[in-house]
Amino acid sequence: MDAPIMKGVCFVFAWSAAVLFRAEAPTRVGVHDSLTIFMRFGLTFLPLVLMHLHLAQPMSHGADTLKEASPFPMGVGIRDRVFELPGDWPLLTAHYEYVTPENDMKPVAVQPQPGQWRFETADRFVDFALSKKLKVVGHCLVWAKDDRTPPWFATDGDKPASREVLLARMKTHIDTVVGRYRGKIAMWDVVNEALDDGSAYLRDSSWSRACGEEFIAKAFVYAHAADPDALLIYNDYNNELDGKFEKMVRLIESLHAQQVPMHAIGLQGHYELDMVPFEALERTLAAMQRMGMKVVVSELDIDVIPRGRWWANNGAERATLSKYDPYKDGCPPEILQRQAEQYARLFQLFRKYSDTILRISFWNLHDGQSWLNDFPWKRANHPLLFDREKKPKPAYHAVMRELKP
Ligand code: GLA
């Protein structure tokens, strides 16, 4: 029940009980009468207590939710087995319109061996989402990294699979997965993480070695044929940064010149505290707006225990870092405040480009479920808008202030 309705019901209830109590108040007080008074007194104040408890819940009802305040649809990547976690549902449905299953639609989950399809969790996820009137983002059809693709995809006997074999396998995979959920999945991350982090255009993988850029184009063509109404996304990380940004523009121009049905760019948005690339992000959003290219912010979070050092000096700091867990007993208020300010700046920027942004999705529902508690080492992280008790953090209030100034 919405808070104002609940408030109204409680008020009427309390008022009627109070009138009854006064009208029938006994003049002489025996044991029986004491009980009556006690019960009437209880009846009078119970609704007020209930109302207090209800309003003290984490903000999850009424007009003050992310999805109600936001000019763009809000989404979240969540546990695949959310259908077994009723404790997550109120927060989820109050604030978000789109859900992405965290893992169970990935190629390795859906087709671990050729023709061995595993749809049980994904099916239940989709049914759950639709029953709660949530829209689903499918994630992802091709993950252009060899360590994230089932190994059988890339081999043919004892040889690497040829271009033809790879593309045929990809087509079967996409036809089967997209076809199964046709009309039920609103948006698909079609290709994930294909651009190279170094000097090459595409990441080195069985896909790029055998097919060059063609595997990206074909993935979109196959997905569009399997569900012409789904919105199709190219998704990557750091694609707003110098170097990768230019590769992304090259990819967009090339796919558009071939009339490939790629409808939006996914900026994952896995940022780190004090290192959010605001300028690069603004340049990217402005460029996408000029090119008429839509954007989704697909996996937003702000890590408060920056992870960059994990990869520095060829991993020399890893032994030390793997014991580094500075906020295991809670995140200091000044860190939460800095995080809130940086989220606020991000949402100022997003509002400025709200005509270009189709959706903003956080990656995970609350701090306790964030992937950043485990990646790249185990630590208690605090990257999201809701804490481990699902209560709104300073970052939540800062974002809300930006969404409805
Ligand atoms: C990438 C992927 C996501 C997920 C996150 C970490 O961003 O696109 O599917 O694996 O990493 O959880």
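Reader: By class, how many nonpolar, polar and charged residues does the shell around the ligand have?
Author: This is a predicted model, in which local features need pLDDT of at least 70 and side-chain atom pairs count only at pLDDT 80 or more, while totals for chains, interfaces and linings use all residues. Residues are numbered from 1 along each chain as its sequence is written, and side-chain values use heavy atoms, with hydrogens and water left out. With Ala, Val, Leu, Ile, Met, Phe, Trp, Tyr, Cys and Pro counted as nonpolar, Asp, Glu, Lys and Arg as charged, and the others, Gly among them, as polar, the shell around the ligand has 3 nonpolar, 4 polar and 3 charged residues.

Reader: Which residues are around the ligand?
Author: A residue belongs here if one of its heavy atoms lies within 4 Å of the ligand. The residues that surround the ligand are Lys106, His139, Trp143, Asn192, Glu193, Gln268, His270, Glu299, Trp363 and Trp371.

Reader: How many Å separate an oxygen atom of the ligand from an N or O atom in the side chain of Gln268?
Author: From Asn192, a polar side-chain atom lies 3.0 Å from an oxygen atom of the ligand, and a polar side-chain atom of Trp363 also lies 3.0 Å from a ligand oxygen atom. For the side chain of Gln268, the distance from an N or O atom to an oxygen atom of the ligand is 2.9 Å.

Reader: Is His139 buried or exposed?
Author: His139, which is among the residues around the ligand, has its place in strand E3, residues 135-143, where a strand is a DSSP run (E, at least two residues) and a helix is another (H or I, at least four), each numbered from the N terminus. Buried means under 20% relative accessible area, exposed over 50%, and partly exposed in between, with a 1.4 Å probe and protein chains only. Because its relative accessibility is 2%, His139 counts as buried.

Reader: Which residue has a side chain joined to that of His139 by a polar contact of 2.7 Å?
Author: The peptide bond from His139 to Cys140 is cis, with omega near -5°, and Cys140 is also found in strand E3. A polar contact (a pair of N or O atoms within 3.5 Å; within protein, one must be able to donate a hydrogen and the other to accept it, and residues adjacent in sequence count only if both atoms are side-chain atoms) of 2.7 Å joins the side chain of His139 to that of Asp189.

Reader: What is omega near for the peptide bond from Phe375 to Pro376?
Author: Pro376 lies in the loop between strand E11 (357-363) and helix H14 (394-403). The bond from Phe375 to Pro376 is cis, and its omega is near -10°.

Reader: Why does Asn313 count as exposed?
Author: Asn313 has its place in the loop between strand E10 (294-303) and helix H12 (318-321), and it has a positive phi of about 45° although it is not a glycine. Asn313 counts as exposed because its relative accessibility is 57%.

Reader: How far apart in space are Gln342 and Ala398, C-alpha to C-alpha?
Author: Gln342 has its place in helix H13, residues 333-352, and is buried, with a relative accessible area of 12%. In sequence Gln342 and Ala398 are 56 residues apart, whereas in space their C-alpha to C-alpha separation is 9.0 Å.
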